[in-house]
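Trainee: I would like a close look at a single part of this model. Please take one helix, then its surroundings, and go slowly.

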Amino acid sequence: MSKKIVHIVLKWPDPQGTGGDLRNVAVHQGLAALGDAVFVVVDDFLPEPGRYPQHKLSIIEADLPASTVNSVVAQVQALSPDLIVLDGIFLVDIAHALAAAGHGYVLGMHNVESDLRMQIDRSKRGFWAHIWYRRRWQAASRAEAALINGAAGVIVCSDQDGQRATALAGRDIIYHVVPNPIPAWCHDRVLAAITAPADARILFVGHLGYAPNIVAAKRLLTRIFPAIQRHVPDAALEICGRTPPVKLRALLDKIPGATLHADPVDLAPHYAAASVAVIPLTEGGGTRLKVLEALAVGLPVVASAKAVEGIGLVPGQHYLAAETDAQFVDATLRVMRDAGLAETLVRNGKAFVQDRFSAVAIVRAVAAAVAGAADVALRDAPALDVALPAKDSHAGMVR
């Protein structure tokens, strides 16, 4: 008999959307290989659907109306699920309501949000962050620890995040790593083999409404890229991403050789035109989609340890590592000038991510993650590029 699985998310995930959307689609399709998986979408039950909910003091929790929480729980109960997967700390009110009604849940974590919040706040305020944001951090840590400790199982993006979740819980927990997926378009758009030094075109891709990406883009624009131009005057920098803020747009206009591609419909042409992806992240959580994309399509990567965290890449074999501005400049110049090095990085990186982040690998990881929470049988794995069916606005779910 097929098991009924309910997957609770804030908004309908777009298969062509953000990294969070792609992860929700991948996890859901992994759940669909285990039984009859349906979405329950909180946005459908908000007083003003489509409007982002208010936050609590912690910032990482939504302050959901009681009517919304009650409606979601009623919808879940009407479905009589064998397994509930709840998407993250933001929906903590629903988790508590489910627990009060006698329902267990598996917690899906895109990041350890309290840790990520502290990283972002420190990047803004530096030494003074603990004074400005102490109460916020305490509230976030308490809320996330309670949610982790109340879960029947925990799904994380990486072993590093699993260790952070364990430390936050204050006890040993069993967590399962479900990797972020290679975007479906990467399987169809592969770059030509590198046979000679490419043009000096540097690429940075990321959601530009996300603070860590904004910090990295500004660092590239003001420090790393100008230093590269002193060695290679005709070097070019392309920054691609959704919802770039006004200040970043203004900064880009002042940097010769730098181009902004806001809200790109198709990333493939930008990857195809680039010679190297440079990713100087200093904060973040989960695993970075931009790294998987670049490696999957065959673009050499120069990145910080934070950028490749949780993926398992070996520096010098799959990518070139850099932390300081000078190291980023040196590594980027090496890739642009040495076709043999670039080709080796591309070959090794592509093989690695195709093995670890494929559709089959993700379905197996989802099965392992929920095995202790429900007795489910694994069916054939669907491909991750299958489009989601149209939603039923009355039921608040996708089948």
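Mentor: What follows starts with helix α4 and then turns to the sheet and the cysteines. Keep in mind that this is a predicted model.

Helix α4 covers residues 113–125, 13 residues in total. From its first C-alpha to its last it reaches 18 Å, close to the 18 Å expected at 1.5 Å a residue. Its buried residues are S114, L116, R117, M118, Q119, I120 and D121. The list includes R117 and D121 as well as L116 and I120. An α-helix has 3.6 residues a turn, so residues three or four places apart point the same way. The cover over the buried residues of α4 includes α5 (129–149), α6 (159–169), α8 (211–231) and α12 (305–308). Just after α4, G126 takes a positive phi of about 60°.

Now the sheet. Six strands make up an open sheet with parallel pairing, in the order β2-β1-β3-β4-β5-β6. At its edges are β2 (36–41) and β6 (175–177), each of which pairs on one side only. From one strand to the next, the twist averages 25°. Strands β4 (residues 106–108) and β5 (residues 153–156) run parallel and are joined by three bridges. G108 has I155 in β5 as its bridge partner. Helix α6, one of the elements covering α4, also packs on the sheet, where it touches β5 and β6. The direction of α6 makes about 165° with that of β6.

Last, the cysteines. The structure holds zero disulfides. C186 is buried, with a relative accessible area of 2%, and C240 is buried at 0%.

Definitions and conventions. Residues numbered from 1 in each chain as written. Predicted model: local features only at pLDDT ≥ 70, side-chain atom pairs only at ≥ 80, totals over all residues. Heavy atoms only, no water. Helix = DSSP H or I, 4+ residues; strand = E, 2+ residues; numbered from the N terminus. Expected span 1.5 Å × (residues − 1). Buried < 20%, exposed > 50% of the residue type's maximum accessible area, 1.4 Å probe, protein only. Contact = heavy atoms within 4.5 Å. Disulfide = S-S within 2.5 Å. Pairing = 2+ DSSP bridges. Axes fitted to C-alpha atoms, helices over the stretch in contact; angles between N-to-C directions.
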